[in-house]
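Work through these exercises with the sequence and the model side by side. Try each task before reading its solution.

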Amino acid sequence: MLLQLEGLTVRFGGVEALRALDLSLAPGHSLGLMGPNGCGKTTLFNVISGLVRPDSGRVVFRGDDITRSAVHDIARRGIARTFQTIRLFPQMTVRDNVRPAAAQGSPGEETQIVERALVQVGLAAKRDTLADELSLGEQRRLEIARALARSPHLVLMDEPTAGLDSEETDELVELIADAVLPASGLILIEHKPDVIAALCPMAVLLDQGHKMTEAPPADLFASEAFRSAYLGVIVRPVPQS
Amino acid sequence: MIDLIQNTLDGVMIGSSYALLALGFTLIFGTMRRLNLAYGPTIMAGAYLGTYASLRLGIGALPVALLVIVGAALVGLYVERLCFRPFGEGAVMASMISSFAVWMQIEEAATLAMPRHLNAFPPLITSAPIALGPYFFRADHLLMLIVAAVVAGLVYLALYHTRFGLGVRTVIDHRRAAELVGVPTERIMMLAFVLASSIGGIAGFLIAAGDGQITPMFGMWATTKGLIAMMLGGLGSVPGALLGGLALGVIETHAQSLFGPQVRDLIAWGLLFAVLTFWPGGLLGTRRIARAAAVQRRM
Amino acid sequence: MDDYLVGVLSNIGIISFVALSAYVLLLAGEVSFGQQAFFAIGAYAAGMASAMLRWPLAPALCLGALIGAVAAVAVGRATLRLTGLYFSMATLAFAEMVRIAFEIFTLQVDIGGSRVGPNGPDGFGDIRYLFENEITSIQYLCAIYVLLAMVLAGFFMLERSRAGRMLRQAGTDAVLAELQGVRVVRVRLIAAAAAGALAGLGGGLYAHLLTYVEPGNFNIMLGVHSLAYGLIGGLGTAFGPVLGVLIDIGLLESSRLFAGYRMIVFGGLVAVLLIVRPRGLLDERAVHRISTYVKGLFDALAARRLDRSLRRR
């Protein structure tokens with residue numbers, strides 16, 4: 001098991017963001033994570049990366065309990081993450097954004113790794129450009145290159161196609177399928193069903209911190225739980241007499 | 001025993017001036033979430049205006065008081081425009097540093113206007129001591145306490161019984177939400193700023209009148225006391241500011257009588273340092289939520 | 001070179017150390033109003049070592065830097081876990097505590113019949129190492145600038161190293177840096193130690209240049225100025241804070257133009273730059289553009305040389 005979440009509960013003041021959540025992911029597998037806004041998806045990512053400590057429950061990564069580990073420690077163990085709103089070091093070059101914090105072999109080897117990641121996402125020509133001078137699509141690819149350069153065991157992607165048009169979305173999906181999936185496990189938060197269907201054999205539906213269903217995407221989309229989570233329960237109008 | 005009580009009473013009275021300074025600080029911090037380090041110098045600018053008028057134009061004490069308050073309010077407006085208005089919600093540090101830069105400006109301007117280090121300031125009332133039992137009170141210190149109580153009361157009334165006060169409280173609580181429901185937040189913040197500067201002007205006038213003098217060091221002094229008092233009482237809390245001011249006054253008076261003025265200042269700063277490192281911003285529960293909120297804000 | 005110019009240049013060199021001290025912390029994302037405390041600690045430590053313990057200059061200066069670093073780490077452990085605003089206020093409080101402490105601090109010994117050592121508010125005089133060893137002001141000026149050049153060279157190497165990258169990343173976005181595996185707290189502590197050493201070294205140089213120091217020298221004005229130098233000159237390179245010092249001491253103080261209005265101009269400059277150019281004149285983007293341009297020049301030169309050598313065949 002690559003990742004195991006056991007009974008995760010997170011409370012912010014009076015609100016329960018996650019409720020006794022169980023989840024597991026096998027190595028090399030990808031899992032979709034869906035649910036309406038505020039259902040706890042990003043909180044889940046925050047717990048895994050160590051930014052938020054759960055009130056109860058465990059996070060086990062490759063056999064180690066990382067529930068209370070430090071953020072940088074979890075990152076070095078091989079969990080990479082992208083954000084819903086782009087998060088880069090805007091005043092640093094593309095190459096410096098991608099270079100890992102921990103040394104990956106000799107300087108020559110590291111340069112190769114960074115170069116390979118940039119080539120994979122198609123940003124090699126822009127290696128000396130400042131990150132905030134890139135377009136949105138390029139910045140998204142930069143985030144992926146940054147994740148790839150560390151050869152992570154697990155990648156957490158939070159709505160990577162947000163803000164992209166359909167053509168850019170398709171390109172990004174292709175990139176994720178070619179570069180990320182073969183190399184690591186993936187948990188993907190997305191609202192777009194086709195993206196989930198293209199990349200994940202299994203998907204989980206979250207609603208108000210609760211895991212409602214876990215099923216292959218096609219089955220998930222057809223389920224009643226999916227419809228009511230995203231659209232709410234439809235109240236039948238009172239018949240007029 | 002008598003000494004102890006006398007010192008405590010003196011401390012409360014000096015503390016009342018600190019309370020007013022802290023009140024102004026808190027009004028600005030509460031609404032803007034940023035520290036105005038030019039606060040003391042703003043008051044000093046008003047006080048220098050008053051001194052100038054009194055020495056060169058021979059104006060009496062009460063008009064001088066008005067001049068001080070108006071002067072402080074105007075300079076406060078300048079600070080608000082230059083150091084606070086241009087920055088959005090996030091740029092906390094920029095405003096703070098900018099206000100420090102303006103402090104440099106004001107201090108130099110004051111020295112240019114009145115080159116002497118010590119400048120006489122007209123007293124409002126006599127500083128003769130009034131005896132009450134075995135204890136002595138300076139009349140002007142007593143006046144300070146009364147005025148501080150009145151101002152605090154008026155601010156309370158303004159905050160809780162006027163539309164303006166309601167606006168201020170909504171901005172303090174959640175600025176974005178206030179904007180969304182149509183509260184004129186920019187105007188409210190500007191008015192709160194001017195109000196805070198005016199309150200500072202009142203405090204500055206009473207302090208300078210009590211001392212009978214004003215020096216260019218006043219700006220730094222006032223900022224220091226207001227800052228420490230505000231932090232002691234709990235950052236951004238109005239009743240906290242008042243309490244913090246009184247507490248600081250009492251602690252200082254006792255420290256001074258026991259150890260002298262230098263250790264007194266040492267303890268005041270040490271108190272600030274201790275509060276910051278061990279109890280920043282008050283209640284325990286809010287700290288974790290504040291951390292989560294900080295994470296959230298960056299996401 | 002006349003004495004006045006030597007004096008001004010020496011001053012610029014020494015204040016650059018404090019400016020660089022505040023700059024290192026700014027790179028780490030921390031605004032410190034208190035670097036003058038380590039300047040003071042370095043001044044007193046180095047002064048005491050050379051005047052009272054009769055140490056030579058170099059070890060005395062090293063001691064000043066070392067104690068500055070140690071003090072910075074000690075304070076940093078308590079303060080660096082505070083968020084920005086609280087950290088800044090804590091540095092302010094700490095610096096004032098140090099200044100007041102030096103006003104109380106009295107420790108004197110008998111050297112050749114006279115009392116030498118810190119004497120409370122009167123400060124600490126008779127730091128006469130330079131006189132006793134007949135070091136001229138020009139020689140000292142060279143020493144100051146050699147040290148400064150070494151420090152700047154160190155910064156140059158830092159910018160191209162992994163450590164430098166981690167420092168800037170921690171300063172730009174601490175949470176993101178942590179998620180990339182940067183140990184932000186450790187980076188900040190190391191930055192604080194370096195900053196303390198730089199300020200301490202500057203303080204030692206200062207004490208020996210003036211031959212006396214008093215607690216009033218190490219007030220908040222110095223701290224705010226050191227901060228402002230980086231903000232004006234630019235945070236993209238270590239030359240930024242030095243540029244800031246040049247603008248203030250070189251331009252504003254020394255020229256007759258701004259006599260008496262120096263602080264008003266300087267303060268106004270800071271306030272305006274914070275609005276229009278918050279990372280200073282030589283900010284990261286400007287430095288990037290300059291280095292790209294320079295690289296382009298070199299490439300063009302190399303291409304032309306190659307072209308010429310090919311044509312000769």
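**Exercise 1. Find the strand order and the edges of the four-stranded open sheet in chain A.**

Step 1. The order is β2-β1-β4-β5 in chain A, and the pairing is antiparallel. Strands here are DSSP runs of E with at least two residues, helices are runs of H or I with at least four, and both are numbered from the N terminus. Two strands pair if DSSP finds at least two bridges between them.

Step 2. Look for strands with a single partner. These are β2 (15-25) and β5 (64-65) of chain A, so each has one side without a neighbour in the sheet.

Step 3. Check one pairing inside the sheet. Strand β1 (residues 3-12) of chain A is joined to strand β4 (residues 56-61) of chain A by five bridges, and the two run antiparallel. Within this pair, A:T9 stands opposite A:S56.

A note before going on: this is a predicted model, where local features need pLDDT of at least 70, side-chain atom pairs count only at pLDDT 80 or more, and totals for chains, interfaces and linings use all residues. Residues are numbered from 1 along each chain as its sequence is written, while chains are lettered from A and ligands numbered from 1 in the order in which they are written.

**Exercise 2. Describe the backbone and surroundings of A:R62.**

Step 1. Locate A:R62: it sits in the loop between β4 and β5 of chain A.

Step 2. Read its phi. The value is near 50 degrees, which is positive in a residue other than glycine.

Step 3. Judge its exposure. A:R62 has 15 C-beta neighbours inside 10 Å, so it counts as partly exposed. The scale is this: buried means 20 or more other C-beta atoms within 10 Å of the residue's own, exposed means 12 or fewer, and partly exposed lies in between, with C-beta atoms placed from the backbone.

Step 4. Turn to C:E134. This residue also is not a glycine and has a positive phi of about 50 degrees. It is found in the loop between α5 (129-132) and α6 (137-159) of chain C. With 7 C-beta neighbours inside 10 Å, C:E134 counts as exposed.

**Exercise 3. Trace the six-stranded open sheet of chain A.**

Step 1. The order is β6-β7-β8-β3-β9-β10, with mixed pairing. At the edges stand β6 (79-81) and β10 (210-215) of chain A, each with a single partner strand, so one side of each lacks a neighbour in the sheet. Neighbouring strands are turned by 20 degrees against each other on average, direction ignored.

Step 2. Take the pair at one end. Five bridges connect β9 (residues 202-207) to β10 of chain A, and these strands run antiparallel. A:A203 stands opposite A:A215 in β10(A).

Step 3. Add the helix. In chain A, α9 (residues 224-231) lies across β9 and β10, at about 45 degrees to β9(A). Axes are lines fitted to C-alpha atoms, for helices over the stretch in contact, and angles run from 0 to 180 degrees between N-to-C directions. Contact means that two C-beta atoms, placed from the backbone, lie within 7 Å.

**Exercise 4. What does the chain-wide picture of chain B look like?**

Step 1. Count the elements: chain B has twelve helices and four strands.

Step 2. Test compactness. Chain B has a radius of gyration of 19 Å, close to the 19 Å that the globule rule gives for 299 residues, so it is as compact as a globular protein of that length. The radius is taken over C-alpha atoms, and the rule is 2.2 Å times the number of residues to the power 0.38.

Step 3. Add the extent and burial. The C-alpha trace of chain B spans about 60 × 45 × 35 Å along its principal axes. Of its 299 residues, 51% count as buried.

**Exercise 5. Which residues does B:Q105 touch?**

Step 1. Place B:Q105 in helix α4 (residues 92-113) of chain B. B:Q105 is buried, with 24 other C-beta atoms within 10 Å.

Step 2. List the partners. Leaving out residues up to four places away in sequence, B:Q105 touches C:M263, C:I264, C:G267 and C:G268.
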